[in-house]
Amino acid sequence: MPEPPLWEQWAATSAALPQGERLQKVLSARGWGSRRVCEDLIAAGRVTVNGDVAVLGRRVDPEVDKVEVDGVPLGVKAGLVYYLLNKPAGVVTTASDPQGRRTVVQLVPEEPRVYPVGRLDVATEGLLLLTNDGDLANRIAHPSHGVEKEYLAEVEGNVSGGALRRLRDGVELEDGMTAPAKVSQPNPGVLRLTIHEGRNRQVRRMCEAVGHPVQRLIRVRIGPLRDAQLQPGEWRELDQRELKALIEAVSGAPRQIR
Ligand code: URA
């Protein structure tokens with residue numbers, strides 16, 4: 001029998017060659033532990049490739065395949081931390097304060113060093129994210145990703161239907177019109193406002209513009225993150241489901257800023 005042409009021999013050999021890198025090697029290089037530990041993760045069924053549970057021996061192309069551990073994308077680098085803090089009133093949202101006031105970074109572990117994502121006024125209470133993941137922080141803080149922030153505001157007086165409508169449609173501030181907001185009044189003098197812009201003192205200025213200055217302001221949600229159990233001054237790490245939801249919330253194409 002004649003030999004097959006050389007190019008066919010080459011094609012058969014190259015098809016038999018394993019493609020991609022071993023999954024445990026890829027996981028280990030991304031900081032998920034030693035190769036042995038990563039093999040155990042795979043054997044325990046905690047690793048998926050393109051949505052399917054991976055088996056030992058699986059090879060992947062990390063540039064193409066979507067690898068997740070416990071639902072967390074491989075892209076999340078080791079050493080990154082994500083804290084959700086319930087900021088009390090009177091604490092400043094900076095890394096250091098020239099006036100010596102207590103800062104939000106003093107309320108969370110010193111190492112690794114983390115930074116607040118966006119800011120809450122000194123008098124504002126509620127949820128604040130702190131992280132050393134600069135990339136995610138930039139995406140969350142950037143208004144083009146439109147991450148919703150929800151607030152409860154105690155305001156002066158009972159807010160009329162007309163004022164609620166103005167808040168919903170957008171109010172004229174000195175730095176321009178605000179984008180449409182979700183606004184309701186669950187109790188007289190208490191507003192629930194959801195906005196996706198991050199302008200300075202925005203909620204306070206919006207309420208003042210419609211004649212109802214804010215007396216107390218609490219942020220109760222950042223995108224998918226809520227926690228009604230976290231007490232003022234307490235913090236906790238995000239769990240993997242929350243982190244995944246947060247990454248998803250900022251992964252889409254940036255939306256147009258009005
Ligand atoms: N809007 C405000 O007015 N203050 C905050 O701290 C956050 C949003």
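Colleague: Which pocket does the ligand take up, and how should I read that ranking?

Modeller: A pocket is an open set of points on a 1 Å grid over the protein atoms alone, with protein on both sides within 12 Å along at least five of seven lines, and a molecule sits in it if more than half of its atoms lie within 2 Å of its grid points. Here the ligand takes the space of the second largest pocket. This is a predicted model, in which local features need pLDDT of at least 70 and side-chain atom pairs pLDDT 80 or more, whereas totals for chains, interfaces and linings use all residues. Residues are numbered from 1 along each chain as its sequence is written, and side-chain values use heavy atoms, without hydrogens and water.

Colleague: Which residues are around the ligand?

Modeller: Counting residues with a heavy atom within 4 Å, the shell consists of Leu120, Asp121, Thr124, Tyr151, Arg201, Gln202, Val203, Arg204 and Leu217. Domain 2 (82–143 + 225–249) and domain 3 (148–222) each supply at least three residues to this shell, with bounds taken from an automatic or database assignment.

Colleague: Where are the polar contacts with the ligand?

Modeller: A polar contact here is a pair of N or O atoms within 3.5 Å. Asp121 places a polar side-chain atom 2.7 Å from a ligand nitrogen, while a side-chain N or O atom of Thr124 is 2.9 Å from a ligand oxygen. Arg204 uses a backbone N or O atom, 2.9 Å from an oxygen of the ligand.

Colleague: What backbone features deserve a careful look?

Modeller: Most residues other than glycine have a negative phi, and most peptide bonds are trans. In this model the bond from Glu111 to Pro112 is cis, with omega near -10 degrees, and Asn50, although not a glycine, has a positive phi of about 50 degrees.

Definitions and conventions: Polar contact = N/O pair within 3.5 Å; in protein donor to acceptor, adjacent residues only side chain to side chain. 1 Å grid on protein atoms, 1.4 Å probe; cavity = no way out; pocket = protein on both sides within 12 Å on 5 of 7 lines; lining within 4 Å.
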